[in-house]
Amino acid sequence: MAHFAQIENNLVTQVIVVDNNDILDEQGNESEVVGIQFCTDLLGGTWVQTSYNGNMRKNYAGIGDTYDTTRDAFISPQPFPSWVLDEDTCQWEAPVAYPDVAEDSSDIYIWDEETINWVLSPLEGE
């Protein structure tokens with residue numbers, strides 16, 4: 001199965017699954033161009049192929065993500081103002097690394113934008 005994202009003003013508005021048979025070119029090879037045409041004929045709009053396992057365009061497209069044409073990548077919304085985009089992965093990273101937690105620990109940390117740090121979840125121990 002192939003996945004295609006509809007793009008409007010560089011934002012992903014929907015993601016659909018297309019049968020591999022619907023994206024085959026005249027030689028029987030899978031083709032993004034054929035898939036885009038299939039989606040356009042079916043639903044109109046602008047389409048870009050995405051990969052569920054991240055093999056293309058850095059990340060799997062999700063509704064609300066941005067399609068960055070310069071990076072040829074799907075980028076999720078920035079989760080917090082302090083987080084920065086990793087140019088290699090096109091994923092957001094906290095300015096402070098997630099705390100090391102022992103394998104047998106049940107500690108869960110959440111991001112606190114006010115302190116720009118990870119803090120132990122207030123639900124811990126409940």
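Read along the sequence, the chain of this predicted model follows the pattern β-β-α-β-β-β-β-β-β-β, and its secondary structure amounts to 1 helix and 9 strands, where helices (H or I, at least four residues) and strands (E, at least two) are DSSP runs numbered from the N terminus. The radius of gyration of the chain is 19 Å, well over the 14 Å that the globule rule gives for 126 residues, so the chain is more spread out than a compact globule; this radius is taken over C-alpha atoms, and the globule rule is 2.2 Å times the number of residues to the power 0.38. Along the principal axes, the C-alpha atoms of the chain fill a box of roughly 60 × 30 × 25 Å. Residues are numbered from 1 along each chain as its sequence is written, and side-chain values use heavy atoms, with hydrogens and water left out. Because the model is predicted, local features need pLDDT of at least 70 and side-chain atom pairs count only at pLDDT 80 or more, whereas totals for chains, interfaces and linings use all residues.

The accessible surface of the chain comes to about 8100 Å², of which 49% belongs to carbon and sulfur atoms; accessible areas come from the Shrake-Rupley method with a 1.4 Å probe, and for residues only the protein chains shown count as cover. Buried residues make up 29% of the 126 residues in the chain, where buried means under 20% relative accessible area, exposed over 50%, and partly exposed in between (1.4 Å probe, protein chains only). Among the contacts in the chain with a separation of 6 or more, 37% are accounted for by residues 24 or more positions apart, a contact being defined by heavy atoms within 4.5 Å.

The helix α1 covers residues 32-43 and is preceded by a loop, between β2 (11-18) and α1, in which Ser 31 lies. Ser 31 caps the N-terminal end of α1, with a side-chain oxygen 3.3 Å from the backbone nitrogen of Val 33; a polar contact is a pair of N or O atoms within 3.5 Å, and within protein one must be able to donate a hydrogen and the other to accept it, while residues adjacent in sequence count only if both atoms are side-chain atoms. Ser 31 is buried, with a relative accessible area of 16%, and, when residues up to four places away in sequence are not counted, Ser 31 touches Ile 23 and Asp 25. At 1.5 Å a residue, the 12 residues of α1 should span 16 Å, and the end C-alpha atoms of the helix are 16 Å apart, which agrees; the expected span is 1.5 Å times one less than the number of residues in the helix. Just after α1, Gly 44 takes a positive phi of about 75°.

Positive phi values also occur in residues other than glycine. Lys 58, which is not a glycine, has a positive phi of about 65° and lies in the loop between β3 (46-50) and β4 (66-68), where Lys 58 counts as partly exposed at 38% relative accessibility. Asp 72, found in the loop between β4 and β5 (73-75), has a phi near 50°, a positive value in a residue other than glycine, and is partly exposed at 32% relative accessibility.

With regard to the cysteines, Cys 39 is buried, with a relative accessible area of 0%, and Cys 90 counts as buried at 2% relative accessibility. A search of the whole structure finds 0 disulfides, a disulfide being a pair of cysteine sulfur atoms within 2.5 Å.

Further along the chain, Gln 91 lies in strand β7 (residues 91-93) and counts as partly exposed at 43% relative accessibility. Gln 91 touches Asn 59, Val 84, Leu 85 and Asp 86, residues up to four places away in sequence not being counted, and its C-alpha atom is 9.4 Å from that of Pro 77, 14 residues apart in sequence. Pro 79, placed in the loop between β5 and β6 (84-86), is partly exposed, with a relative accessible area of 39%, and is separated from Glu 93 by 14 residues in sequence and by 9.2 Å in space, C-alpha to C-alpha. Ile 110, in strand β8 (residues 109-112), counts as partly exposed at 38% relative accessibility. Leaving aside neighbours within four places in sequence, Ile 110 is in contact with Asn 117, Trp 118, Val 119, Ser 121 and Pro 122, while the C-alpha atoms of Ile 110 and Tyr 98, 12 residues apart along the chain, are separated by 8.9 Å.
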